[in-house]
2 protein chains.
Amino acid sequence: MFTLHHHPANPFSRKARIVLAENGLEFTLIEEEPWKRPPAFLALNPAGEIPVLEEPSGRALCGHRPVCEYIAEITSRPLMGYDAFERAEVRRLCDWFDEKFYKEVTLYLAGEKIFKRLWNGGAPDSTFLRAGKQNMTGHLNYTEWLLKHRKWLASETFSMADISAAAQLSVLDYVGEVPWDKTDENGQPLYEETKNWYARIKSRPSFKPLLADRLANLVPAPHYTNLDF
Amino acid sequence: MFTLHHHPANPFSRKARIVLAENGLEFTLIEEEPWKRPPAFLALNPAGEIPVLEEPSGRALCGHRPVCEYIAEITSRPLMGYDAFERAEVRRLCDWFDEKFYKEVTLYLAGEKIFKRLWNGGAPDSTFLRAGKQNMTGHLNYTEWLLKHRKWLASETFSMADISAAAQLSVLDYVGEVPWDKTDENGQPLYEETKNWYARIKSRPSFKPLLADRLANLVPAPHYTNLDF
């Protein structure tokens with residue numbers, strides 16, 4: 001049995017949970033609050049970041065990328081792609097969402113509405129919320145473009161790139177910060193492909209436990225668990 | 001023949017150059033200034049980041065991690081480690097230097113002394129220089145600890161983790177910002193293991209072209225090219 005040290009509001013923990021579940025690996029969850037710098041957790045991961053995966057043997061693997069690549073290596077699901085070039089495209093888009101999207105969108109929106117409450121109890125700052133919303137537009141235009149050219153984000157098959165992206169979006173969706181139904185000046189939906197893609201992911205059994213998570217004192221948006229949102 | 005779009009002051013470009021050279025792959029270099037947002041480069045990589053590797057077939061691979069993992073996959077050098085667990089440790093330490101060290105040290109020190117000049121011509125801010133120097137202490141203590149337990153950073157063999165770390169340090173070393181000879185209150189050298197490790201890397205043929213690079217209007221520290229510094 002694997003043990004995953006995680007936090008339900010942390011997109012990288014969500015990514016690891018989906019990857020474990022997609023591969024049918026059984027695991028128990030231990031909730032961590034790494035921003036409080038607990039010594040026992042720092043002993044496990046000196047970088048102080050979640051997720052950390054403990055193997056049945058007790059060895060620890062630190063960080064979402066090492067953990068997810070490791071799971072992909074020890075299991076038979078080709079979540080990283082089918083050849084070296086496809087894997088480079090999967091990794092490019094993983095980095096896009098894990099780093100670029102996280103920094104430009106998640107840290108602003110979930111940062112203000114969720115993380116800040118957890119970290120220091122602060123109230124959201126509207127300047128940062130505006131910046132996050134604006135940055136999200138560019139990113140959703142990009143997922144629309146990708147999904148008009150491909151069935152899934154990196155290729156014709158479901159991959160780690162879809163998991164990275166969905167993990168970020170799911171945290172923002174909890175607080176109702178994804179403008180799924182935004183239209184252009186003619187009333188045409190702007191993010192239809194992305195919405196359909198997210199609905200397909202939301203219906204996967206690996207995603208179900210995430211939708212059941214509840215953050216303390218923070219009710220999710222009404223459509224959060226709805227598969228036909 | 002491969003083509004690498006790079007910049008000599010960019011640690012991630014340096015990482016890709018070392019990996020290509022370690023694997024004996026021939027490549028030509030094209031110098032980019034992505035902070036000027038050149039349309040031709042953005043067409044190659046919508047994230048606007050270097051390095052980008054063009055295959056002989058013309059297909060482009062974007063980002064240091066996809067590029068370096070790709071090179072490791074198509075060549076026989078086991079730079080990522082010998083089994084899944086070792087690869088997780090290599091990737092953990094790559095992320096440590098590519099993300100944590102870059103954000104906490106390189107962006108402050110090389111940021112103020114090199115990148116700022118390139119990006120907007122600004123002069124260094126001593127507050128940020130102090131923060132970078134202070135953060136570097138913690139990181140060098142960690143490399144000392146690792147190198148007292150292992151021959152190389154991730155294991156007993158040279159790996160991508162050593163390349164990630166050396167690429168960051170080499171940029172800082174250019175501007176004389178690595179305190180190689182710092183001693184404690186008893187005059188004992190603090191970073192002896194790290195210095196020996198860096199000297200071993202500096203002597204590798206893959207590192208030689210980096211030591212020959214010169215940044216416009218910025219003379220490197222006197223010991224920068226010296227293998228017995």
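**Exercise 1. The lining of a pocket**

Sort the residues lining the second largest pocket by class, then work out where they come from.

*Solution.* Start with the classes: seven residues of this lining are nonpolar, two are polar and six are charged. Keep in mind as you go that the model is predicted.

Next, look at the residues themselves. The lining is made up of 15 residues, and those nearest the centre of the pocket are H7(A), E31(A), L118(A), L215(A) and A216(A). Now ask which elements contribute two or more residues to the lining: they are strand 2 (27–31) and helix 4 (84–120) of chain A. Helix 4 of chain A gives the most, with three residues.

Finish with the volume, which comes to about 250 Å³ for the second largest pocket.

**Exercise 2. Where the two chains meet**

Describe the interface of chain B and chain A, from its extent down to a single pair of residues.

*Solution.* Begin by counting: 24 residues of chain B touch 24 residues of chain A. Together the two chains bury about 2,200 Å², and carbon and sulfur atoms account for 63% of that area. Three residues deserve a click in your viewer, namely E73(B), F85(B) and R91(B), which supply 25% of the area that chain B buries against chain A, more than any other three residues.

Then turn to charges and polar atoms. The rule finds 10 salt bridges across the interface. To check one of them yourself, take E69(A) and R91(B): their closest N and O atoms are 3.5 Å apart, and the cut-off for a salt bridge is 4 Å, so the pair qualifies. Polar contacts between chain B and chain A join nine residue pairs, with both residues at pLDDT 80 or more.

Now see which parts of chain B are involved. Strand 4 (60–62), helix 3 (64–74) and helix 4 (84–120) of chain B each give two or more residues to the side that touches chain A. Helix 4 of chain B gives the most, with 10 residues. By class, this side of chain B has 13 nonpolar and 11 charged residues, and no polar ones.

**Exercise 3. Backbone details**

Find the cis peptide bond from I50 to P51 in chain A and in chain B, and then examine the phi angle of R37(A).

*Solution.* Take chain A to begin with. The bond from I50(A) to P51(A) is cis, with omega near 0°. P51(A) sits in the loop between helix 2 (39–44) and strand 3 (52–54) of chain A.

Move on to chain B, where the bond from I50(B) to P51(B) is cis, again with omega near 0°. P51(B) belongs to the loop between helix 2 (39–44) and strand 3 (52–54) of chain B.

Last, go to R37(A), in the loop between strand 2 and helix 2 of chain A. Its phi is positive, at about 55°, although R37(A) is not a glycine.

Definitions and conventions. Residues numbered from 1 in each chain as written. Chains lettered and ligands numbered in written order. Predicted model: local features only at pLDDT ≥ 70, side-chain atom pairs only at ≥ 80, totals over all residues. Heavy atoms only, no water. Contact = heavy atoms within 4.5 Å. Buried area = accessible area lost by both parts, 1.4 Å probe. Salt bridge = Lys/Arg side-chain N within 4 Å of Asp/Glu carboxyl O. Polar contact = N/O pair within 3.5 Å; in protein donor to acceptor, adjacent residues only side chain to side chain. Helix = DSSP H or I, 4+ residues; strand = E, 2+ residues; numbered from the N terminus. Nonpolar A, V, L, I, M, F, W, Y, C, P; charged D, E, K, R; others polar. 1 Å grid on protein atoms, 1.4 Å probe; cavity = no way out; pocket = protein on both sides within 12 Å on 5 of 7 lines; lining within 4 Å. Points joined across faces, edges and corners; volume = space filled by probe spheres on them.
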